[in-house]
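Q: I am new to this structure and would like to learn how to read its features one at a time. Could you show me the general idea for each, and then the case at hand?

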Amino acid sequence: MADEESQPAATHNSPRTWLITSALSPLAVRLIRQLLSHGDYVIACLPPHEIDHEQRSAEFRELIGECKSTRKDREGWKHRIRGIRCDGNMSSCLSAVAEAVTVFGRIDILLCCRSEAVVGTVEELSTNLHTQSLVRQQFEAMFFSQVNFIKATLPVLRRQHTGHIIALTSTCGHLGTPGLSMFSAATWGLEGYCDSLAYEVAPFNIKVTIVQPNMEIQSLTNRLVFAPQMPAYVDAYPTAPNVRDILVNVLNSDPETAIPEVPDEVATPSTPGSMSLEPELGRGEIVSRYPKLPTHALDKLVSETVHALIAVGGHENPPSRHLVGAEAALAVKEKLKTVTEEMEDFVDASLAVDIFESELKEEAKRAKKTGDKSPQATGSSQGPSGGCEEPR
């Protein structure tokens, strides 16, 4: 048993101990392979429903076979990885953390990366008790299980007076997506939790980072659960990509993961003529699938995110948020630009409720009169989203 107190603090370039909350995704397997080659130690948490799923666990089992092999480039790997069944409830998380400390002496990085996407509009997820349960399932998988891991790990990180918590989310933490309402909600929830957590644990030298790759990174490497589609939402978004159709097309590219077709006679969109207050029934059954992509496609899909996690993990001064890839960065930048522009357009309404006279309020009035909202015209150096001084 390693002595926790005697272990020197790991640096960014020295071997570190990672606890990965869900280690069976293609992204996690590729990350673990890189970590072991670097000399790091890995506690790989294995959700029981996934490790018992032949397709889902195949890559991880292959990795374990490599670790046990006599290959020179895999020497020592089997001694630096420990797989633990853990379903994300509090008791199993506490057990996993205790075993990590017993086996490797410490935890340097907690990677919260469990994900699954429930596909369905808000209305489609409220048609009956079965679809309503998918909402809870979404939050159990992506929010509550990860919060349990964080709570179980914090006492260890505080005693060490060092550690790094990474939440692997997606751009859905900034961008609401039609058809992924609960996936977006769970993502925003975990990110809000981590933002607050970062302030709370800073005095203990514990860092918190949110890593946001494109939505596809998480959705195409984890389980997809489809609620039955209501006829009213068939072709409801003619000018925007339909997330359901995109994901179904990916699954249908492989016969083993293809989604059953819904008969044409029940596929006709409904009309607004009915005044019934009862929820409209969806078409088909609840279906879940793990996407099955070619190995080369998976390698390309997750490579940037794997690189980002290795670069950020355990860094002495990591970012609070890290966007992975140009496409993700541009999408979020565009969203923030829209938020800023709307705030400018309605600044009068925002300031109208302020009972105190402030410099910002006077500046807004002057800018309104001149029709120029630039910082030069208002005398402000803080820009359109600058802060407001406290009233004296």
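A: Let us begin with a cut-off: a residue is called buried under 20% relative accessible area, exposed over 50%, and partly exposed in between. His161, for example, has a relative accessible area of 42%, so this residue is partly exposed. Please keep in mind throughout that the model is a predicted one.

Q: Where does His161 lie, and what is the value of its phi?

A: His161 belongs to the loop between α5 and β6 (163-168), and its phi is near 60°, which is a positive value in a residue other than glycine. Asn205 can be read in a similar way: this residue is not a glycine, yet has a positive phi of about 60°. Asn205 is found in the loop between α6 and β7 (206-212), and with a relative accessible area of 32% it is partly exposed.

Q: What are the overall counts of helices and strands in the protein?

A: The secondary structure comes to 13 helices and 10 strands. Of the 392 residues of the protein, 45% count as buried. If one takes the contacts with a separation of 6 or more, residues 24 or more positions apart account for 78% of them.

Q: How should I read a single helix, and which residues of α4 are buried?

A: The general idea is that an α-helix has 3.6 residues a turn, so residues three or four places apart point the same way. In helix α4 the buried residues are Ser92, Cys93, Ala96, Val97, Ala100, Val101 and Phe104. The elements that cover these buried residues include β1 (17-20), β2 (41-46), β3 (81-85) and α5 (129-160). As for its extent, α4 (residues 90-104) has 15 residues and reaches 21 Å from its first C-alpha to its last, close to the 21 Å expected at 1.5 Å a residue. Just after α4 comes Gly105, whose phi is positive at about 90°.

Q: What span should helix α9 have at 1.5 Å a residue, and how far apart are its end C-alpha atoms?

A: Helix α9 covers residues 295-312, and because each residue adds 1.5 Å, its 18 residues should span 26 Å; the end C-alpha atoms are 25 Å apart, which agrees. The helix nevertheless bends by about 45° at Val302, and Val302 is also one of the buried residues of α9, among them Leu298, Thr305, Val306, Ala308, Leu309 and Val312. Just after α9, Gly314 takes a positive phi of about 80°.

Q: How are aromatic pairs described, and how many does the structure hold?

A: A pair of aromatic rings is described by the distance of the centres and the angle of the planes. This structure holds three aromatic pairs. One of them is formed by Tyr41 and Phe104, which are tilted, with 5.2 Å centre to centre and 50° between the planes. Tyr41 lies in strand β2 and Phe104 in helix α4, so this pair ties together parts that are 63 residues apart in sequence. Tyr41 has a relative accessible area of 30% and is therefore partly exposed, whereas Phe104, at 9% relative accessibility, counts as buried.

Phe143 and Tyr193 form an edge-to-face pair, with 6.0 Å centre to centre and 85° between the planes. This pair links distant parts of the chain, since Phe143 is in helix α5 and Tyr193 in helix α6 (residues 181-201), 50 residues apart. Phe143 counts as buried at 17% relative accessibility, while Tyr193, with a relative accessible area of 23%, is partly exposed. Ring pairs also link Phe143, Phe144 and Tyr193 into a cluster.

Q: Which residue has its charged end over the ring of Phe204?

A: That residue is Arg158, whose charged end sits over the ring of Phe204 at 5.9 Å from the ring centre.

Q: Which residues does Glu123 touch, leaving out those up to four places away in sequence?

A: Glu123 touches Met230 and Tyr233 on that count. Glu123 and Tyr233 are 110 residues apart in sequence, but their C-alpha atoms are 9.5 Å apart in space. Their side chains make a polar contact of 2.8 Å. Glu123 itself is placed in the loop between β5 (116-119) and α5, and at 36% relative accessibility it counts as partly exposed.

Note on methods. Residues are numbered from 1 along each chain as its sequence is written. This is a predicted model: local features need pLDDT of at least 70, side-chain atom pairs count only at pLDDT 80 or more; totals for chains, interfaces and linings use all residues. Side-chain values use heavy atoms; hydrogens and water are left out. Helices (H or I, at least four residues) and strands (E, at least two) are DSSP runs, numbered from the N terminus. The expected span of a helix is 1.5 Å times one less than its number of residues. The bend at a residue is the angle between axes fitted to the seven residues ending there and the seven starting there. Buried means under 20% relative accessible area, exposed over 50%, partly exposed in between (1.4 Å probe, protein chains only). Contact means heavy atoms within 4.5 Å. Rings of Phe, Tyr and Trp (its six-membered ring) pair if their centres lie within 6.5 Å; planes under 30 degrees apart count as stacked, over 60 as edge-to-face and the rest as tilted. A charge sits over a ring if NZ of Lys or CZ of Arg is within 6 Å of the ring centre and within 35 degrees of the ring normal. A polar contact is a pair of N or O atoms within 3.5 Å; within protein, one must be able to donate a hydrogen and the other to accept it, and residues adjacent in sequence count only if both atoms are side-chain atoms.
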